[in-house]
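User: Could you take a close look at one part of this model for me, the largest pocket and the strands around it? I'd like to see how that part fits in with the rest of the chain.

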Amino acid sequence: MVDITCQEAFYENLTLGLIKLLTQTPGVQDVRLDKRTPCERLLLSSWEQRHCCALPDDLRQFYLSTDGYSLTWAYQHAGQLLPLGNMKVNAITELRRLAGVKSLGDADGPTLLDVEICSQVGSTATPAAAAAAGTMAERPNFGVKCKIFELDSCMGVAKVCLVYLDKGLEPRRPEPRIWLLDRCFEWHFLAPDFTTYFRMMLVHQGLPLWQFRGTPMGLTPWAEQMFTLVAPHLLLNQPDTAVHTLHTAEWGDAPYNHLDPTIFKTRSKVKKK
């Protein structure tokens, strides 16, 4: 039998008490956490061999603890129960590559690389975003040498991606980083590693479009209203997108509690009583 006490303690530590905070927030209802078993090491090795790249240590330890992550919650507003909060990390079998692979569909149809080439007349990236992620040359692209994997589909409005940049003349590929790809195929830097991104996701409680706070587009009026109702403290210091990315504005010298990467440690699937 699964040790329920051990499992509850693991998710309590993983979410840094977020579930308790949500259940105590007025209006928040139907908090649901999808509790999953750890991923098999063989499955992780198979993924790495198939894509010819190694998972970063923190993400590997995360998958060895739980095969993906999903926490959702609803909010009672104006007499309606709105499915509002959504925090997700794809399971290893759903960590699929974007672009860089041949489509099985219409061979004459445009690919993501074709779209990117046609749209390279400008970029929404600010100088600060470029500095935070390296240089403009280090921005993701849809070529075969840049490997992009989808961590979260963001309910269809964007994609949070694990990006392995082209190593160029370097002997080894740079450590992968977390980027946001919007529906206009523009890239926005989110975090330097998975642990930082996961921490950002917990702090924002999975509120709608939270990843867009550090982009030139910003939050929509509706999303900002939801922030005001559920977590108004997150709007006290709005990041200036002309100067900062979301990561550098709020996490550069932030006094928040840091998420210890060791929380992503292997836990047993079952424990006999």
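Analyst: Here's a walk through the pocket, then the strands that line it, and then the rest of the fold.

Keep in mind that this is a predicted model. The chain runs to 273 residues, and 48% of them are buried. In terms of secondary structure, there are nine helices and eight strands. Long-range contacts carry a good share here: of the contacts with a separation of 6 or more, 65% are between residues 24 or more positions apart.

Now the pocket itself. The largest pocket has a volume of about 350 Å³. Its lining takes in 21 residues, and the ones nearest the centre are L84, G85, N86, M155 and G206. Three elements give two or more residues to that lining: β1 (28-33), β2 (69-77) and β3 (80-89). Of these, β3 makes the largest share, with four residues. As for chemistry, the lining of the largest pocket splits into 13 nonpolar residues, five polar and three charged.

Those three strands are also linked to one another. β2 pairs with β1 in the antiparallel sense, over four bridges, and V28 sits opposite Y75 of β2. On to β3: β2 and β3 run antiparallel too, joined by nine bridges. One of the residues to look for there is A74, whose bridge partner in β3 is P83. The β2 and β3 hairpin has two residues between its strands, and A78 takes a positive phi near 55 degrees in it.

Q76 is a handy residue for seeing how this corner is put together. It belongs to β2, and with a relative accessibility of 32%, Q76 counts as partly exposed. Leaving out residues up to four places away in sequence, Q76 touches G27, Q29 and L81. There's also P26, which is 50 residues from Q76 in sequence, while their C-alpha atoms are 8.7 Å apart in space.

From the pocket you can step across to a helix further along the chain. L84, one of the residues nearest the pocket centre, has its C-alpha 9.7 Å from that of A223, although the two are 139 residues apart along the chain. A223 is in helix α8 (residues 221-230). Its relative accessibility is 0%, so A223 counts as buried. Beyond its sequence neighbours up to four places away, A223 touches P208 and L209.

The remaining strands make up a sheet of their own. Five of them form an open sheet in the order β4-β5-β6-β7-β8, with antiparallel pairing. β4 (97-98) and β8 (187-191) are the edge strands with a single partner each, so one side of each has no neighbour in the sheet. At the β4 edge, the pairing with β5 (residues 147-152) is antiparallel and rests on two bridges, with L98 standing opposite I148 of β5.

Strand β5 also leads into the aromatic side of the story. The structure holds 13 aromatic pairs. One of them is W47 with F149, a tilted pair at 4.8 Å centre to centre and 55 degrees between the planes. W47 is in helix α3 (residues 41-51) and F149 is in β5, so this pair ties together parts that lie 102 residues apart in sequence. Both W47 and F149 are buried.

There's an aromatic cluster to look at as well, made of F62, Y63, Y69, F194 and F198. F62 and Y63 are among the buried residues of helix α4, along with D58, L59, R60, L64 and S65. That makes seven of the nine residues of α4 (residues 57-65) buried, so the helix is largely enclosed by the rest of the structure. The cluster leads back to where we started, since Y69 is one of its members and β2 spans residues 69-77.

To pull it together, the pocket draws two or more lining residues from each of β1, β2 and β3, and β2 is bridged to β1 as well as to β3. The lining has 13 nonpolar residues among its 21. If you're turning the model on screen, L84 is a good place to start, as it lies among the residues nearest the pocket centre and has its C-alpha 9.7 Å from that of A223.

Technical notes
Residues are numbered from 1 along each chain as its sequence is written. This is a predicted model: local features need pLDDT of at least 70, side-chain atom pairs count only at pLDDT 80 or more; totals for chains, interfaces and linings use all residues. Side-chain values use heavy atoms; hydrogens and water are left out. Two strands pair if DSSP finds at least two bridges between them. Rings of Phe, Tyr and Trp (its six-membered ring) pair if their centres lie within 6.5 Å; planes under 30 degrees apart count as stacked, over 60 as edge-to-face and the rest as tilted. Buried means under 20% relative accessible area, exposed over 50%, partly exposed in between (1.4 Å probe, protein chains only). On a 1 Å grid over the protein atoms alone, a cavity is a set of points where a 1.4 Å probe fits but cannot get out, and a pocket is an open set with protein on both sides within 12 Å along at least five of seven lines; lining residues have an atom within 4 Å of a point. Grid points are joined across faces, edges and corners, and a volume is the space filled by probe spheres set on the points. Ala, Val, Leu, Ile, Met, Phe, Trp, Tyr, Cys and Pro count as nonpolar, Asp, Glu, Lys and Arg as charged, and the others, Gly among them, as polar. Contact means heavy atoms within 4.5 Å.
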